[in-house]
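Trainee: Could you take me through one part of this protein up close? I'd like to start from a single residue and work outwards from there.

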Amino acid sequence: MAAVGGIILCLAYILGLLSAAVMSSIAERRFYFILALALGGLGLAAAFIIPRIWRTVAPRRLWLTAATLLFLAPLYFQLTVPQPGKNDISQFVATQTSGNAQEQIVRVRGKIASTPRLTRSKRAQFWLNANQLNEVAGIDKPARVGQSVTGKLYVTVPLLQATGLNSGQEINVTGSLYKPKPPANPGSFDFQAYLAKEGAFAGLTGRSVSIPDEKAGSRWGWWRIRQRILRSQASKLGIPEGPFVSAMVLGSQAVNLYLPAAIRDQFAKVGLAHALAASGFQVSLILAIVGSLTGRLSARAKFGYGVAALLIFLGLTGPQAPVLRAVIMGIAALTAMVQERKIKPFGSLLLAATILLLINPLWIQDLSFQLSFLATLGLLTTVPALMKGLDWLPPVLAGAIALPIAASIWTLPLQLYVFNVVSPYSILVNVISTPLITIISIGGFISALAGLIWPLAGSAIAWPLYYPAHWLIQLVEFCGQLPGNSVAVGAIALWQLIALYGLIAIVWLWRWWQRRWWLAGLIAISLVVFPVWYAKTTLFQVTVLATPGEPVLIIQDQGKITLVNSGDANTARFTVLPFLQQQGVNQIDAAIRCCTPRLGNRTDTQVTNNGWSTILERLPIANFYNEPAMRDSTSQPNLETAVQTRQGTYQTLAAGRRVETGSTDVKLLDADLPVLQLQIQGQNWLLLGNLQPDQQKLLATKIGLSNLQVLAWSGERLTNDLLNVLKPSVAIASSSSVDPDTVTALRRNKTQLFWTNRDGAIQWSPKGGFETTLELTENEASLL
């Protein structure tokens with residue numbers, strides 16, 4: 001009865017926090033109290049109804065306690081949500097207007113709060129607890145000197161500037177202070193929400209780092225032990241195998257300044273991200289090694305050595321939620337051993353979750369926390385049934401197959417909800433890589449222990465791990481290049497996520513469904529596939545993404561995808577591809593490159609080619625149409641080959657020729673002018689490149705430019721003569737700034753102006769008209 005009561009109370013608390021986490025993403029803070037009242041009311045109703053139905057489950061007072069926890073959990077969550085204080089450094093970020101491009105250059109003093117890591121842009125990033133602000137160059141305000149501040153700051157600096165920096169060190173960082181913005185495009189990473197969850201509300205793009213007092217630096221710390229292990233293993237293994245082996249032992253967060261982001265991305269892409277995250281596998285190895293070394297000692301001695309080893313491991317990896325979960329469960333297992341009691345893994349998992357969420361309730365929103373507990377729950381609940389079904393195989397092979405399948409079943413719905421993509425090869429890759437991961441982990445632990453005592457011995461022991469580490473990296477790279485290595489399913493709704501986990505829970509708890517697991521699987525697939533299929537086949541939508549340089553248009557025509565322009569490599573990787581992934585796009589039916597930005601008298605082909613190459617690495621293009629100006633480009637053959645390699649057709653977009661892409665007609669007006677005309681659902685759209693005044697004058701004489709509904713251009717100056725001819729109903733500027741004279745002329749013609757830097761992505765549909773991703777702030781609205 002006591003065990004049942006504990007489970008009920010823990011689940012009530014977790015359910016209350018989970019409801020609050022969902023509420024935080026869809027409602028304002030004032031609704032938390034309403035949520036608490038609603039949950040408390042449901043708990044009270046359950047307290048009076050359930051004891052009458054199941055009298056032997058738990059007494060009424062226990063259900064009343066659970067109702068109280070349901071009421072208090074959302075309030076506790078709300079109290080711990082970070083908010084910027086009066087002297088938070090984000091309060092001193094100057095507000096910039098569209099006509100003021102001056103940067104706010106500051107020098108911030110504070111303590112480093114994390115191990116520096118390597119970003120995809122080859123810069124070093126770390127968290128800084130700020131305590132002093134000196135303004136070097138302000139914006140419309142007197143410079144501040146020695147301003148006392150508080151708050152956490154997201155800092156990036158050049159990689160060389162981060163050499164030798166470590167957690168706890170006092171430094172000065174000079175750079176540009178900014179506030180994060182909400183995502184301007186659907187599917188893009190929400191940097192503002194990410195910082196808010198970490199308790200930070202501003203960022204600093206650092207240029208230089210100085211240490212005010214070299215002698216004041218920390219002489220001892222876990223970072224020194226990590227560095228000793230890393231150097232010991234990397235001296236013989238080299239890069240990237242050395243940091244890779246260290247990451248397998250300590251977790252990637254402990255050594256991520258030296259582990260290339262490309263490797264982390266490749267492992268995540270094929271479903272092996274857990275191999276680089278310190279968690280239960282490493283804890284199991286530690287307990288196994290300690291158990292073998294202390295086999296003849298008493299149970300209390302084994303407990304002491306085991307707990308000490310786990311705490312040392314926790315200090316080396318840092319207090320990450322998955323590691324804390326594994327350590328707590330490890331200590332629970334050691335406690336059960338000392339007391340000679342049977343270990344209850346599910347109870348240990350639930351207790352670990354409750355303890356961690358009492359310490360920090362915001363971890364309920366942490367993805368690594370969620371995936372760690374779901375994967376462990378899958379191992380506890382699903383592996384036994386799978387092993388029973390695979391009893392015809394050798395136990396080792398059956399376990400290697402059952403473990404990744406069980407973990408995948410419980411984590412896949414959440415991964416679909418967050419990433420909108422599934423890796424078909426993930427289970428196979430996990431099965432194949434298990435022996436290599438085991439060898440590297442065991443050898444890495446032994447070499448790490450030896451390296452702490454004698455670095456040369458650690459290097460010698462690590463040297464044989466080169467080949468398993470190299471083979472594993474090569475295996476991941478190979479699988480990541482296989483066709484169909486990742487399939488975008490599109491965004492799934494919250495109700496679909498709840499329904500999927502409801503099905504998994506039903507199969508777990510009810511014997512009738514356990515015998516008909518295949519039926520539950522078919523229902524789960526239907527819950528994902530049919531809504532996505534219906535949305536694709538009925539959707540017609542045009543999206544102008546918020547991109548710098550050139551307008552990027554995506555036309556979704558009942559499952560047919562047309563992409564006009566790609567932007568540079570960063571635009572393609574961080575804007576275009578995330579949007580397509582969110583929409584469940586796995587192939588581009590027609591791609592058109594037109595109106596490419598020009599530098600002087602030449603076309604900037606290399607920049608645009610990089611964008612198209614990035615897209616082709618992820619998605620095939622059935623038909624690629626290139627503007628004539630690209631025909632003689634030295635980089636054109638490489639792009640043509642890349643399209644044809646993926647079974648696509650490459651064509652030159654001839655001037656005056658109409659190209660049909662679904663229900664949309666596309667025509668390049670002139671071979672010498674970067675102007676593309678699109679007939680979309682009876683509307684006349686015009687896409688302009690950067691035109692010189694004489695080119696605009698020539699364009700104004702073209703026939704067929706009247707009755708223009710939508711004009712999309714890069715925000716550069718347009719002449720009055722051209723605007724008087726075009727007279728668009730709607731104008732969309734893809735730029736960080738818009739020419740003021742052009743804005744005045746558009747207003748005079750009563751043209752509705754959208755500006756992607758202000759409004760975010762612009763979407764149009766026949767029923768909904770034009771919609772923007774971002775809402776205007778009061779400051780921006782006052783400028784209109």
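Mentor: Sure, let's start with V323. This is a predicted model, so take everything here as computed from it. V323 has 0% relative accessibility, and because anything under 20% counts as buried, V323 is buried. It's part of helix 11.

So what does V323 touch, once you skip its neighbours within four places in sequence? The list is A278, F313, L314, T317 and G318. Take A278 from that list: it sits 45 residues from V323 in sequence, yet the two C-alphas are 6.1 Å apart in space.

Now zoom out to the helices. F313, L314 and T317 turn up again on the helix 10 side of a helix pair, with V323 on the helix 11 side. In general, you describe two packed helices by the angle between their axes and the distance between the axes. For helix 10 and helix 11 (residues 321-338), the angle is about 175° and the axes are 9 Å apart. An angle over 145 degrees counts as roughly antiparallel, so that's the label for helix 10 against helix 11. On helix 10, the contact is made by A299, K302, F303, G306, V307, L310, F313, L314 and T317. Facing them from helix 11 are V323, L324, V327, G330, I331, L334, T335, M337 and V338. Sort the contact residues by class and you get 13 nonpolar, four polar and one charged.

Helix 10 also leads us to another element, helix 5. Helix 10 (299-317) is among the elements covering the buried residues of helix 5, and others include helix 6 (241-250), helix 7 (252-255), helix 16 (426-453), helix 17 (455-462) and helix 18 (466-480). The residues being covered are W223, I225, R226, Q227, I229, L230, S232, Q233 and L237. Helix 5 itself runs over residues 222-237, 16 residues in total, and spans 22 Å from first C-alpha to last, close to the 22 Å expected. Right after helix 5 comes G238, with a positive phi of about 80°.

Finally, the whole chain. It has 29 helices and 26 strands, and 48% of its 784 residues count as buried. Among contacts with a separation of 6 or more, 66% are between residues 24 or more positions apart; V323 and A278, 45 residues apart, have that kind of separation. As for the outside, the accessible surface is about 37900 Å², with 60% of it belonging to carbon and sulfur atoms.

Note on methods
Residues numbered from 1 in each chain as written. Predicted model: local features only at pLDDT ≥ 70, side-chain atom pairs only at ≥ 80, totals over all residues. Heavy atoms only, no water. Helix = DSSP H or I, 4+ residues; strand = E, 2+ residues; numbered from the N terminus. Expected span 1.5 Å × (residues − 1). Buried < 20%, exposed > 50% of the residue type's maximum accessible area, 1.4 Å probe, protein only. Contact = heavy atoms within 4.5 Å. Axes fitted to C-alpha atoms, helices over the stretch in contact; angles between N-to-C directions. Parallel < 35°, antiparallel > 145°, perpendicular 65-115°, else oblique. Nonpolar A, V, L, I, M, F, W, Y, C, P; charged D, E, K, R; others polar. Areas by Shrake-Rupley, 256 points an atom, 1.4 Å probe, with all protein chains shown as cover.
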